[in-house]
Amino acid sequence: MAWKFNRSSPLIAKGSNIIDNLGVIPRKATKAIRFVNKDTGELFTTNDLAIKKQKRNKALIGCQETYIRLLKSKSITIMLIVASVEKYRTVGEFMKELKKKLWRSKIETFGYFWQRDIGELVFKRHYHIMVAVTRIDADTFRALMKNKRTKNYKVVLCNYLNGFKDYLKGKEIYAPLNHRSYGKSQQYRKPLNALYKEVDVSQNTSDKH
């Protein structure tokens, strides 16, 4: 079906929307948005918040679908990180620091997804960051964490990617005015050895046919 924008209408009276400069209030829908099917004339109405959640979840699912098989086959490691917004103004700032730390241990970063959240116990305002890296064994991970001096972020290794994806999908949208609520790396890359395996499987399948 081919849908196109038809019209939008405000859901909140002009001037009544609360300005959230800290990103601690869940975003609310502000506009109803209607689309029309170009082939059938059918109308479909949604809102700006639902569209934003849909785009966020599409980026999240893209990360999950790229890495879930590689995680199961133990070709990569997924690090789940909670980082304090009070310490890191942007995720880019945090990732730059993390990549340097990992690179010193010859660990490559393949891709990541992040989104903002509000907590009650640790890091009131924080980022959830899911990072795919070179396969890390338990000893290497313990050594990395032993040298972790900062208390501004926490790291665990992911064993069940679907569960964490579903957890993030259910979250509300948080972001200060003119700031992003979620984001991802430019690409979701894969390790070269995994790409070679995919090429081999593809060639073997085509040869059988």
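**Entry 1: a pair to start with**

Which residue stands opposite valine 36 in strand 3? I looked it up, and leucine 43 is the partner. Strands here are DSSP runs of E with at least two residues, helices are runs of H or I with at least four residues, and both are numbered from the N terminus.

Before going on, I noted that this is a predicted model, in which local features need pLDDT of at least 70 and side-chain atom pairs count only at pLDDT 80 or more, while totals for chains, interfaces and linings use all residues. Residues are numbered from 1 along each chain as its sequence is written, and side-chain values use heavy atoms, with hydrogens and water left out.

**Entry 2: the overall layout**

I counted five helices and eight strands in the protein chain. Along the sequence I read the pattern β-β-β-α-β-α-β-β-α-β-α-β-α. The chain has 209 residues, and 39% of them count as buried (under 20% relative accessible area; exposed is over 50%, partly exposed in between, with a 1.4 Å probe and protein chains only).

I also checked contacts, meaning heavy atoms within 4.5 Å. Among contacts with a separation of 6 or more, 72% come from residues 24 or more positions apart.

**Entry 3: the three-stranded sheet**

I went back to the sheet that holds valine 36 and leucine 43. This open sheet has three strands in the order 1-2-3, with antiparallel pairing (two strands pair if DSSP finds at least two bridges between them). Its edge strands are strand 1 (3-10) and strand 3 (43-47), each pairing on one side only. Neighbouring strands of this sheet are turned by 25 degrees against each other on average, direction ignored.

Strand 2 (residues 31-37) pairs with strand 3 in the antiparallel sense over five bridges. Helix 1 lies across both strand 2 and strand 3, at about 80 degrees to strand 3. For such angles, axes are lines fitted to C-alpha atoms, for helices over the stretch in contact, and the values run from 0 to 180 degrees between N-to-C directions.

**Entry 4: the five-stranded sheet**

Next I traced an open sheet of five strands, with the order 7-4-6-5-8 and antiparallel pairing. Strand 7 (153-157) and strand 8 (182-184) are the edge strands, each pairing on one side only. Here the average turn between neighbouring strands is 15 degrees, direction ignored.

How many bridges join strand 5 to strand 6? I found nine, between residues 109-118 and residues 125-134, and the two strands run antiparallel. Tyrosine 112 has valine 131 of strand 6 as its bridge partner, and tryptophan 114 stands opposite isoleucine 129 in strand 6.

Strand 5 also pairs with strand 8, again antiparallel, over three bridges. There, phenylalanine 113 stands opposite lysine 184. I then checked how covered strand 5 is: 10 of its 10 residues are buried.

**Entry 5: helices over the five-stranded sheet**

Helix 1 (residues 48-72) turned up again, lying across strand 4 (76-84), strand 5, strand 6 and strand 8, and running at about 140 degrees to strand 5. Helix 4 (residues 161-169) lies across strand 4, strand 5 and strand 6, at about 150 degrees to strand 6.

Tyrosine 167 lies in helix 4. Leaving aside neighbours within four places in sequence, tyrosine 167 is in contact with Asp117 and His128. Tyrosine 167 counts as partly exposed because its relative accessibility is 41%.

**Entry 6: two lysines with positive phi**

Most residues other than glycine have a negative phi, so I looked for exceptions. Lysine 74 has a positive phi of about 60 degrees and is found in the loop between helix 1 and strand 4. At 58% relative accessibility, lysine 74 counts as exposed.

Lysine 106 also has a positive phi of about 60 degrees. Lysine 106 lies in the loop between helix 2 (91-104) and strand 5, and it counts as exposed at 73% relative accessibility.

**Entry 7: the lining by class**

Last, I looked at the largest pocket. On a 1 Å grid over the protein atoms alone, a pocket is an open set of points where a 1.4 Å probe fits, with protein on both sides within 12 Å along at least five of seven lines; lining residues have an atom within 4 Å of a point. I found 17 lining residues, with Asn17, Ile18, Arg27, Lys28 and Thr30 nearest the centre.
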